[in-house]
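Work through the exercises below with the sequence and the 3D view open. Try each task before reading its solution.

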Amino acid sequence: MFSQSMVDLGQKRSTIREIFEYGKRRAAEVGAENIFDFSIGNPSVPAPDSVHQAILRVLEEEGPVGTHGYTSAQGDAIVRTRIAESLNRRFGTAFHADNFYMTVGAAAALSACFRALAEPGDEFVVAAPFFPEYRCFVESGAGAKLVVVDADIEQFQINFEKLEAALNPHTKAMIINSPNNPSGTIYSEATIQKLAALLTRKSAEYGHPIFLISDEPYRELIYDGLEIPFVTKYYPNTFVCYSYSKSLSLPGERIGYILVPDEMTDAKLAYAAICGAGRTLGYVNAPSLFQRVASYCTDETADTSIYEKNRNLLYEGLIRLGFTCVKPQGAFYIFPRSLEPDAVAFCERAKKYDLLLVPGDDFGCPGHVRISYCVPTERIERALKVFEQLAAEYR
Ligand code: PLP
């Protein structure tokens, strides 16, 4: 009577959500301050003041009818112009309004890209570790196949030998996510250049483009003064999926965009396919108030120095306790190796201390655990004592 695949998806929550819900139940029993919930990537830093000011400004400028009305399906033209201007200022690009399609966060941006591209038999390739929802969006949403390339666990860059072996004439696109959830790694310029060269060579060999889908909700969450290469400059067949969920701490407001550069092969058709995919998703248009709010805050971010402080504290603490882990350069996750080969068993053991971690298995990288450090700093300070007790069990 019902679509079995949808029933299955609805009944089995993601592991992250499962642990998050468990944390809420435990918090009700023992008090939220006694739970070390590192399960979910919900920003812990407030949205910048400019967001509040922008909400008031939009209400004043547009009035109640304009503020809350439908916009064009692809988003308000002035909003898209402001976003283009901001990227051009910051990255030396030459985008314009018609390169952008406003979406209901990065999740909808990704879903629209997969649907816009997928034809029967198509494959989308991703290097582990990767955001587990890609599987749901690619396979259940777009009817295509997700192909996972094993992680380079030394650096969490890309294992190019394994990637090349995974590419084939059915490969429609590769998904990249930098800064990465769950590893916090940023793909270096050398990695992006090497990737662009490989995809260019393989596109020529197969006689059709292999697109890149660059998932960038953490683009502004970068530390140590690093700069991030803007991917369309290296590989024009790139769809950029962006979101203000993390950079402006607005995950519940559901606002983001897809960027389709003019230089993409058949760019106009690609944009039309995105608009068509947007129709099938049924969102009609991205939230109207927050399109305008985001467009007034394009050069702003929440206070990311708090995440950097948390990163330092946690990374140094874990290394001191004997964990093996790559130092994250961005986002708000750290992805150490678990202290036993079975990360699920390790996370179960951590649970006894009300320490909630997510096993790396769903991220395509067993033997690791994801720790989301978008929590109050004092929580990390106290949690390190608990990590110490947990680590002592393995000595
Ligand atoms: N992509 C990655 C890598 C994420 O971590 C997330 C959310 O955590 C998303 C996409 C979805 O973001 P949004 O809230 O903008 O839909």
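The exercises treat a predicted model, and they go from the ligand to its pocket, then to the cavities and the backbone.

**Exercise 1. The ligand and its neighbours**

Task: Which residues come nearest to the ligand, and which polar atoms face its oxygen atoms?

Solution:

Step 1. Start with the shell. Around the ligand there are 15 residues, and those that come nearest are Ala106, Asp215, Tyr218, Ser243 and Arg254.

Step 2. Look for polar contacts, that is, pairs of N or O atoms within 3.5 Å. At Ala106 the partner is a polar backbone atom, 2.8 Å from an oxygen atom of the ligand. At Tyr218 the partner is an N or O atom in the side chain, and the distance to a ligand oxygen is 2.6 Å. Ser243 also uses a polar side-chain atom, which lies 2.6 Å from an oxygen atom of the ligand.

Step 3. Add the burial. The ligand taken alone exposes 390 Å², and the protein buries 91% of that area.

Step 4. Sort the shell by class and by element. The shell has seven nonpolar, five polar and three charged residues. Helix α5, residues 105-117, gives the largest share of the shell, with four residues.

**Exercise 2. The pocket that holds the ligand**

Task: Where does the ligand sit, and what lines that site?

Solution:

Step 1. Place the ligand: the site is the largest pocket.

Step 2. Give the pocket a volume. The space in the largest pocket is about 1,200 Å³. Its lining has 42 residues, of which Ser14, Arg17, Phe131, Glu133 and Phe137 are the closest to the centre of the pocket.

Step 3. Assign the lining to secondary structure. Helices α1 (4-11), α2 (15-30), α5 and α6 (133-141) each supply at least two residues. The largest share, six residues, is from α6.

Step 4. Count by class. The pocket lining has 16 nonpolar, 13 polar and 13 charged residues.

**Exercise 3. The enclosed cavities**

Task: How many cavities of 30 Å³ or more does the whole structure have, and what are the linings of the largest and the second largest?

Solution:

Step 1. Count them. The search of the whole structure gives four cavities of 30 Å³ or more.

Step 2. Take the largest cavity, with a volume of about 80 Å³. Its lining includes Tyr101, Met102, Thr103, Ala108, Ala112, Leu281 and Tyr283. Strand β2 (100-103), α5 and α9 (267-281) each give at least two lining residues, and the largest share, three residues, belongs to β2. By class the lining has nine nonpolar residues, three polar and no charged.

Step 3. Take the second largest cavity, which holds about 70 Å³ of space. Its lining consists of Ile176, Ser178, Tyr187, Ile192, Ser214, Glu216, Ile228, Pro229 and Val231. Six of these residues are nonpolar, two are polar and one is charged.

**Exercise 4. Backbone features in loops**

Task: Which peptide bonds that lead into Pro179 and Pro182 are cis or trans, and where does Phe156 lie?

Solution:

Step 1. Check the bond from Ser178 to Pro179. This bond is cis, with omega near -5°. Pro179 is in the loop between β5 (171-177) and α8 (189-206).

Step 2. Check the bond from Asn181 to Pro182. This bond is cis, with omega near 25°. Pro182 lies in the loop between β5 and α8.

Step 3. Link this to Exercise 3. Ser178, where the cis bond to Pro179 begins, is one of the residues that line the second largest cavity.

Step 4. Check phi at Phe156. This residue is not a glycine, yet its phi is positive, about 60°. Phe156 is in the loop between β4 (145-149) and α7 (160-166).

Terms used. Residues are numbered from 1 along each chain as its sequence is written. Side-chain values use heavy atoms; hydrogens and water are left out. A residue is near a molecule or strand if one of its heavy atoms lies within 4 Å of it. A polar contact is a pair of N or O atoms within 3.5 Å; within protein, one must be able to donate a hydrogen and the other to accept it, and residues adjacent in sequence count only if both atoms are side-chain atoms. Accessible areas come from the Shrake-Rupley method with a 1.4 Å probe; for residues, only the protein chains shown count as cover. On a 1 Å grid over the protein atoms alone, a cavity is a set of points where a 1.4 Å probe fits but cannot get out, and a pocket is an open set with protein on both sides within 12 Å along at least five of seven lines; lining residues have an atom within 4 Å of a point. A molecule sits in a cavity or pocket if more than half of its atoms lie within 2 Å of its grid points. Ala, Val, Leu, Ile, Met, Phe, Trp, Tyr, Cys and Pro count as nonpolar, Asp, Glu, Lys and Arg as charged, and the others, Gly among them, as polar. Grid points are joined across faces, edges and corners, and a volume is the space filled by probe spheres set on the points.
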